[in-house]
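Got the viewer open? Load the model, pick a plain cartoon view, and keep the selection box handy.

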Amino acid sequence: GVHDMYPATPSGVGSYLVSPFALVDFMSVAPFFADLATPQDDLPAMQFLRVLRLVKVLATGEYASAFRGIQRALAKNASLLATSGFAGAAVWLVVGSMYYATERNNPLTVWTFDQHGAGESFVRHPGDLSLNNTQLYASIPDSMFFSLLNLMGEFPMVSDHSTCGRFVATFTAIFAVAIFAIPVGILGDGFGDAISEQMERVADLKMRRARLRQSFARADHDDSGRVSAEELWGCLRDHGYHITRQDALRMAVEADTDGDGGIDLAEFSFLLDNRFKGEFRPRATPPSTPPR
């Protein structure tokens with residue numbers, strides 16, 4: 001699991017506290033303690049934040065490779081994402097400012113919170129600026145909320161906009177959305193590259209395993225599932241290695257880690273990786289004395 005990556009030691013706890021998973025855990029439990037510490041029951045529903053813990057599933061089991069793909073895509077495109085993210089934030093600020101300039105005096109965007117009548121709801125008081133109301137575009141930060149909705153393709157207030165506000169909405173729909181979507185496109189391309197690289201690694205791994213099994217089957221003359229020292233010596237000579245029988249025997253003893261007198265497939269794989277860089281190469285000459 002995720003927590004298995006962080007041992008119960010001071011260093012492990014410190015590593016966990018600065019990891020993204022600690023932030024996910026904190027955001028998942030924080031609403032409960034905030035609600036417990038607040039005497040009035042007026043906090044908005046925030047229990048949905050517990051869904052963030054599903055992110056931790058990506059780092060475990062069969063989802064681990066997908067999580068690593070996301071990490072590789074983010075790391076590979078970090079500089080592009082930072083640049084395009086800054087551009088997107090600038091566009092967001094510009095659109096919010098334009099909405100503030102065009103809609104701050106628009107009476108059709110004046111709303112107030114009605115706590116009377118059948119229930120609590122936001123109602124409009126068009127043209128009435130004397131009430132204790134809320135102008136939805138009263139400031140640039142207020143305007144940025146609705147501009148963010150526009151940048152994501154939603155225009156809930158466009159029917160109440162002034163003529164200038166509708167021009168801003170048109171500009172947002174045609175130009176700003178494209179700029180705001182650049183980081184998403186970069187991230188999507190990064191995912192595609194990460195998947196392609198992963199497929200290439202899987203294909204290379206399958207090819208290496210196929211060559212390993214082929215070399216093992218060629219060395220295992222009696223099909224016993226074990227390669228003896230004599231079979232190893234003969235296999236090396238067949239591949240063009242100039243090696244003495246004594247050196248082959250020492251190599252076999254070194255590879256036989258379980259001491260059963262033969263070299264199984266796993267031990268044969270370790271021998272190839274340790275002594276022959278993954279595969280036998282004809283006319284190569286291994287060191288006469290095995291490394292200790």
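Here is a walk through the model, one selection at a time.

**The whole chain**

Start with everything shown as cartoon, and bear in mind that this is a predicted model. You should find eleven helices and three strands. Colour from the N terminus and read along: the order is α-α-α-α-α-β-β-β-α-α-α-α-α-α. Of the 292 residues in the protein, 29% are buried. If you like contact maps, take the contacts between residues at least 6 apart in sequence: 57% of them join residues at least 24 apart.

**Helix 5**

Now select residues 78–103, which is helix 5. Its 26 residues reach 37 Å from first C-alpha to last, close to the 38 Å expected at 1.5 Å a residue. Show side chains for its buried residues: Leu81, Ser84, Gly88, Val91, Val95, Gly96, Tyr99 and Glu103. As you step through them, remember that an α-helix has 3.6 residues a turn, so residues three or four places apart point the same way.

**Helix 8**

Add residues 182–219, helix 8. Helix 8 has 38 residues, which should span 56 Å at 1.5 Å a residue, and its end C-alpha atoms sit 55 Å apart, in agreement with that. On helix 8, the buried set is Pro183, Ile186, Gly190, Ala194, Leu212, Ser215, Phe216 and Ala219.

**Where helices 5 and 8 meet**

Keep both helices on screen. How do you describe a packed pair like this? Two packed helices are described by the angle between their axes and the distance between the axes. Here the axes of helix 5 and helix 8 come within 8 Å and cross at roughly 165°. That makes the two helices roughly antiparallel, since the angle is over 145 degrees. The crossing of helix 5 past helix 8 is left-handed. To see the contact itself, show Leu80, Leu81, Ser84 and Gly85 from helix 5 against Ile182, Pro183, Ile186 and Leu187 from helix 8. Sorted by class, the residues of this contact are six nonpolar, two polar and no charged.

**Ser143 in helix 6**

Next, centre on Ser143, in helix 6 (residues 140–151). Is Ser143 buried or exposed? Its relative accessibility is 0%, so Ser143 counts as buried. Who is around it? Beyond its neighbours within four places in sequence, Ser143 contacts Gly96, Tyr99, Tyr100, Leu136 and Tyr137. Gly96 and Tyr99 should look familiar, as they are among the buried residues of helix 5.

**Helix 6 against helix 7**

Stay with helix 6 and add helix 7, residues 163–180. The two axes come within 9 Å and cross at roughly 85°, so helix 6 and helix 7 are roughly perpendicular to each other. Show Leu148, Asn150 and Leu151 on helix 6, then Thr172, Ala176, Val177 and Phe180 on helix 7, to bring up the contact. It consists of five nonpolar, two polar and no charged residues.

**Trp111 in strand 1**

Jump to strand 1, residues 110–114, and pick out Trp111. With 21% relative accessibility, Trp111 counts as partly exposed; the buried class ends under 20%. Draw a distance from its C-alpha to that of Thr134: the two are 23 residues apart along the chain, yet separated by 5.1 Å.

**Asp223 in the loop**

Last stop: the loop between helix 8 and helix 9 (229–238), where you'll find Asp223. Asp223 is exposed, with a relative accessible area of 66%. Check its backbone too. Most residues other than glycine have a negative phi, but phi of Asp223 is near 55°, a positive value.

How values were computed
Residues numbered from 1 in each chain as written. Predicted model: local features only at pLDDT ≥ 70, side-chain atom pairs only at ≥ 80, totals over all residues. Heavy atoms only, no water. Helix = DSSP H or I, 4+ residues; strand = E, 2+ residues; numbered from the N terminus. Buried < 20%, exposed > 50% of the residue type's maximum accessible area, 1.4 Å probe, protein only. Contact = heavy atoms within 4.5 Å. Axes fitted to C-alpha atoms, helices over the stretch in contact; angles between N-to-C directions. Parallel < 35°, antiparallel > 145°, perpendicular 65-115°, else oblique. Left-handed = near helix turned anticlockwise from the far one by under 90°. Nonpolar A, V, L, I, M, F, W, Y, C, P; charged D, E, K, R; others polar. Expected span 1.5 Å × (residues − 1).
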